[in-house]
Amino acid sequence: MRTRRGFCYPQTQPLSNMCSEFTNTHKRQKIMLSEKPTGEEDSDFFDSLPDDLVLSVLTKLISTATSPSDFISVLITCKRLNGLSLNSSVLSKASNKTLSVKAKNWSDSAQRFLKRCADAGNIEACYTLGMIRFYCLQNRGSGASLMAKAAMKSHAPSLYSLAVIQFNGSGGTKNDKDLRAGVALCARAAFLGHIDGLRELGHCLQDGYGVKQNVIEGRRFLVQANARELAAVLSNGNTKQPLLTWSINPFPNQPPLLRVTTGSGCPLLSDFGCNIPVQEAHPANQFMSEWFSIRGGFPGQGMRLCSNTGCGRPETRKHEFRRCSVCGAVNYCSRACQALDWKFRHKAECAPVERWLDEEGEHVPGENDGGVNVDEVVVLDR
Amino acid sequence: MSKTVKDAIETIPTDEINSISLSLVRSEILTKVIEYCKKHNSAQMSDVDLMDWDVEFANVHYTTLFDLVLSANYMNINCLLDLVCGKIADMIKGKTPGEIAKLFDIKDVSTYEEDN
């Protein structure tokens, strides 16, 4: 047994009385942890604060935490903090990063934590848990209803995800596809400024898919999506060193080019001479990518993942996704993913093998597709 | 800045005011609060400098921080309350439960298996 004087901690002795208090506390806590906790006569610092102030501190913590563990460690510190942390006013303020559970750490308690946050009214938790339940745990009904709950509060990613589900008839048969519903949901996401939603809507208008064809309007939405993406990257980049600089082009006749200063960006808007990196994926998408890569990369017998690595969506039945019409080697859950992956990766490696028809008998639209060169200003001949 | 003080001034007729009692606030904490209010009321510093000053201001021992929270709550100064709550939250972040318990002298520690 350690003594009160801290004899077994020789290094603390020169620091005199102050340290002996800490070793006391440390010793007593050690005893506490090994026995049942008894009623304690001294109070801790948090005891001096009334509940509502502790709630303020916890709310600040949960909204600024950078990972779930920052917050979870408070939950298991003591009874009072546990009780107060699970208060719905705190959980409803959980930020994206607090909810970004890693797929390898998935467990019942992680699910319960997300469920509690969702029940407290946290929209991101509703969306994240909805996506996980729908795609990873294969619980279609519960997943869709959670996403619908978030969508009703105008959460743009939820609206877009539900649109993708409608377009593909995910969770059902191919007859469950509802293109008009998909377009309506997409439009709502687009009007909230969701970049993928804008892209998807643009493509639907160009192709007359689920909505009356209007190529000019479609083009407008696609350009808007690109502009928003660029603006988002620029506004994020302000906090670190600038990602983009103007460089003087060696050929004075041409306009100066925007270049990435750090490392290699993806040629997202290479047609405009801009090189910007891809935006970080939502925690729900990251979870799905990790989940399926842990399980060997295939969601089930003969089913594939969306080839856009930032998306992570799996098929829910065979041949649900559309293939690239040029090479047929890659599949996408939506046109937005297809356009993104084309610029990011596929353009360099796509090579015509044979002209494929989609397995479900529908021709994948677009002559110069797979690569839909949609980001070029020149309108393609159709 | 302090709603409590403002309300006190408004409710008591001006010729009767000699002093306003702030019974829950210790004098050294009151000094810090006054320093904060003065700094934020003078428009001399830019926003960025003010943020840096706030970080320096909040860089105190946690006993002082807890006292500041109580005082800011009592005196109803929202921005100071946010600052200090944020600072305490930052101190909690990144620590294991054992470290948190040790830092804040929490005695009633039990192990919880529930929430991971």
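This report describes a predicted model of two protein chains, A and B, covering confidence, fold, core, cavities and selected residues.

**Confidence**

The model as a whole scores ipTM 0.79 and pTM 0.72. The mean pLDDT of chain A is 74, with 70% of its residues at 70 or more. Residues 1–42 of chain A have a pLDDT below 50, although this stretch makes 35 contacts in the model beyond near neighbours in sequence. A further stretch of chain A with pLDDT below 50 spans residues 245–249, and 14 contacts beyond near neighbours in sequence are found for it. Chain B averages a pLDDT of 77, and 82% of its residues score at least 70. Within chain B, helix α1 (residues 3–11) has the lowest confidence, at a mean of 75, whereas helix α5 (residues 78–92) has the highest, at 85. Residues 112–116 of chain B stay under 50, and the model gives them 17 contacts beyond four places in sequence. Where pLDDT is low, the predicted coordinates should not be read in detail.

**Fold of the two chains**

Chain A contains 14 helices and six strands. Chain B has six helices and zero strands, so that its elements run α-α-α-α-α-α from the N terminus on. The table sets out further values for each chain.

| Chain | Residues | Buried residues | Contacts joining residues at least 24 apart, among those at least 6 apart in sequence |
|---|---|---|---|
| A | 382 residues | 48% | 55% |
| B | 116 residues | 34% | 58% |

**Nonpolar core**

The largest nonpolar core comprises 110 residues. The residues with the most contacts inside this core are F46(A) and W106(A) from chain A, together with L80(B), I88(B), I92(B) and F104(B) from chain B. Leaving aside neighbours within four places in sequence, L80(B) touches V33(B), Y36(B), F57(B) and A72(B). In soluble globular proteins, nonpolar side chains tend to be buried together.

**Cavities**

Six cavities of 30 Å³ or more are present in the structure. The largest of them has a volume of about 60 Å³. Its lining is formed by F167(A), N168(A), E200(A), Y209(A), R322(A), C333(A), S334(A) and R335(A). By class, this lining has three nonpolar, two polar and three charged residues.

**A buried histidine in chain A**

H346(A) lies in helix α14 (residues 335–349) of chain A. Because its relative accessible area is 2%, under the 20% limit, H346(A) counts as buried. Beyond its neighbours within four places in sequence, H346(A) is in contact with C324(A), C327(A), V330(A), Y332(A) and D341(A). Two cysteines, C324(A) and C327(A), are thus among the contacts of this histidine.

**Residues with positive phi**

H319(A) is not a glycine, yet has a positive phi of about 60°. This histidine is found in the loop between α13 (283–294) and β5 (322–323) of chain A. With a relative accessibility of 30%, H319(A) falls between the limits of 20% and 50% and therefore counts as partly exposed.

In chain B, N76(B) likewise has a positive phi of about 60° without being a glycine. N76(B) occupies the loop between α4 (62–75) and α5 of chain B. The relative accessibility of N76(B) is 31%, which means that N76(B) is also partly exposed.

Methods: Residues are numbered from 1 along each chain as its sequence is written. Chains are lettered from A and ligands numbered from 1 in the order in which they are written. This is a predicted model: local features need pLDDT of at least 70, side-chain atom pairs count only at pLDDT 80 or more; totals for chains, interfaces and linings use all residues. Side-chain values use heavy atoms; hydrogens and water are left out. On a 1 Å grid over the protein atoms alone, a cavity is a set of points where a 1.4 Å probe fits but cannot get out, and a pocket is an open set with protein on both sides within 12 Å along at least five of seven lines; lining residues have an atom within 4 Å of a point. Grid points are joined across faces, edges and corners, and a volume is the space filled by probe spheres set on the points. Ala, Val, Leu, Ile, Met, Phe, Trp, Tyr, Cys and Pro count as nonpolar, Asp, Glu, Lys and Arg as charged, and the others, Gly among them, as polar. Helices (H or I, at least four residues) and strands (E, at least two) are DSSP runs, numbered from the N terminus. Buried means under 20% relative accessible area, exposed over 50%, partly exposed in between (1.4 Å probe, protein chains only). Contact means heavy atoms within 4.5 Å. pLDDT is the predictor's confidence in each residue, from 0 to 100. A nonpolar core is a set of buried Ala, Val, Leu, Ile, Met, Phe, Trp, Tyr and Cys residues joined through side-chain atoms within 4.5 Å.
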